[in-house]
Amino acid sequence: MSVNYDGGYMLAPDQLLTTTRAVRNRLDLSRPVDSSTIEECLRIALQAPSRANVQPWHWIVVTDPRQRAAVGFWYARAWRERFEANPDPYPAATIRSARHLADHIADVPVLVIPCLELEALELPTGNQASLWGSLLPAVWSYMLAARARGLGTAWTTVHLAYEREVSAVLDLPDHIRQAALIPTAHAIGTEFRPARRRPLETVLHLDRWSRSDGGRSEQEGLSAR
């Protein structure tokens, strides 16, 4: 059950986790988002885990129409170059909704760009899981908090093809790297369903890669061990 509060929705944890979707077509471009709501979502995001509690995150919240237009220019350019030339690997419905977002990205009232503060000017070599793992859970927490308040978001990284140009628009120092761009607006409608996903038994491996679920039913699950 969802409970209304001040125009938002308090969802049960399982419902929140399974119905936070990428919202592209259903972003309300005509309705402003209160800055205090965005700040509230970000304060929740700051409770996410980070490596050794270093909290290397920074958050650029873009609401100025000229700044949104400048960021949107590079986003739309990157999207056209990446997807219009080679849309085949992606479902047609996904391409349509992504194109809609690319066409209207500058009209989205809030663009949230999570950033990572590096200890050096360049990203380290090798596995960077712990590095980005200190930021990306917080981004997802922001999106969950937004969903709980009736806002729609989408996790996008298309603009990173022009990360340097967008960094110039945002006046970012050289040791600050962008991780994503999260368009945020009131959602048109609040009911979202769980997405289709690959069945657990096709991706579950027990103890080692070669020991997968082996075709057992979902009812058996891990309880059979």
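Helices (H or I, at least four residues) and strands (E, at least two) are taken here as DSSP runs, numbered from the N terminus. The structure is a predicted model. Its protein chain contains 7 helices and 7 strands, and this briefing concentrates on helix H3, residues 65-84, with further notes on Glu163 in helix H7 and on two residues in the loop between H2 and E3, Ala52 and Gln55.

**Overall organisation**

- Along the sequence, the elements of the protein chain occur in the pattern β-β-α-α-β-α-α-β-α-α-β-α-β-β.
- The protein chain has 225 residues, of which 39% are buried.
- When contacts in the protein chain between residues at least 6 apart in sequence are considered, 77% of them join residues at least 24 apart.

**Helix H3: start and buried residues**

- At the start of H3, the backbone nitrogen of Arg66 has a side-chain oxygen of Asp64 within 3.0 Å.
- The buried residues of H3 are Arg68, Val71, Gly72, Trp74, Tyr75, Ala76, Ala78, Trp79 and Phe83.
- In an α-helix there are 3.6 residues a turn, so residues three or four places apart point the same way.
- Two strands, E3 (57-62) and E4 (110-117), and two helices, H4 (92-104) and H7 (163-170), are the elements against which the buried residues of H3 pack.

**Packing of H3 with H4**

- The axes of H3 and H4 lie 9 Å apart, and the two helices pack at an angle of about 155 degrees.
- Angles over 145 degrees count as roughly antiparallel, and H3 and H4 are therefore roughly antiparallel to each other.
- The crossing of H3 past H4 is left-handed.
- On the H3 side, the contact is formed by Tyr75, Ala76, Trp79, Phe83 and Glu84, while H4 contributes Ile95, Ala98, Arg99, Leu101 and Ala102.
- Classified by residue type, this contact of H3 with H4 comprises 8 nonpolar and 2 charged residues, with no polar ones.
- Tyr75, Ala76, Trp79 and Phe83, which take part in this contact, also belong to the buried residues of H3.

**Packing of H3 with H7**

- H3 and H7 pack at an angle of about 175 degrees, and their axes are 9 Å apart.
- This angle makes H3 roughly antiparallel to H7.
- From H3, the residues Gln67, Ala70, Val71 and Trp74 meet Glu165, Val166, Val169 and Leu170 in H7.
- The contact of H3 with H7 consists of 6 nonpolar residues, 1 polar residue and 1 charged residue.
- Val71 and Trp74, which meet H7, are among the buried residues of H3.

**Glu163 in helix H7**

- Glu163 is located in helix H7.
- The relative accessible area of Glu163 is 12%, and buried means under 20%, so Glu163 is buried.
- Leaving aside residues up to four places away in sequence, Glu163 touches Arg177 and Gln178.

**Positive phi in the loop between H2 and E3**

- Most residues other than glycine have a negative phi.
- Ala52, in the loop between helix H2 (35-45) and E3, has a positive phi near 55 degrees.
- Ala52 counts as exposed, with a relative accessibility of 71%.
- Gln55, which also lies in the loop between H2 and E3, has a positive phi near 50 degrees.
- Gln55 is partly exposed, at a relative accessible area of 38%.

Definitions and conventions:
Residues are numbered from 1 along each chain as its sequence is written. This is a predicted model: local features need pLDDT of at least 70, side-chain atom pairs count only at pLDDT 80 or more; totals for chains, interfaces and linings use all residues. Side-chain values use heavy atoms; hydrogens and water are left out. Buried means under 20% relative accessible area, exposed over 50%, partly exposed in between (1.4 Å probe, protein chains only). Contact means heavy atoms within 4.5 Å. A polar contact is a pair of N or O atoms within 3.5 Å; within protein, one must be able to donate a hydrogen and the other to accept it, and residues adjacent in sequence count only if both atoms are side-chain atoms. Axes are lines fitted to C-alpha atoms, for helices over the stretch in contact, and angles run from 0 to 180 degrees between N-to-C directions. Angles under 35 degrees count as roughly parallel, over 145 as roughly antiparallel, 65 to 115 as roughly perpendicular and the rest as oblique. A crossing is left-handed if the near helix is turned anticlockwise from the far one by less than a right angle, and right-handed if clockwise. Ala, Val, Leu, Ile, Met, Phe, Trp, Tyr, Cys and Pro count as nonpolar, Asp, Glu, Lys and Arg as charged, and the others, Gly among them, as polar.
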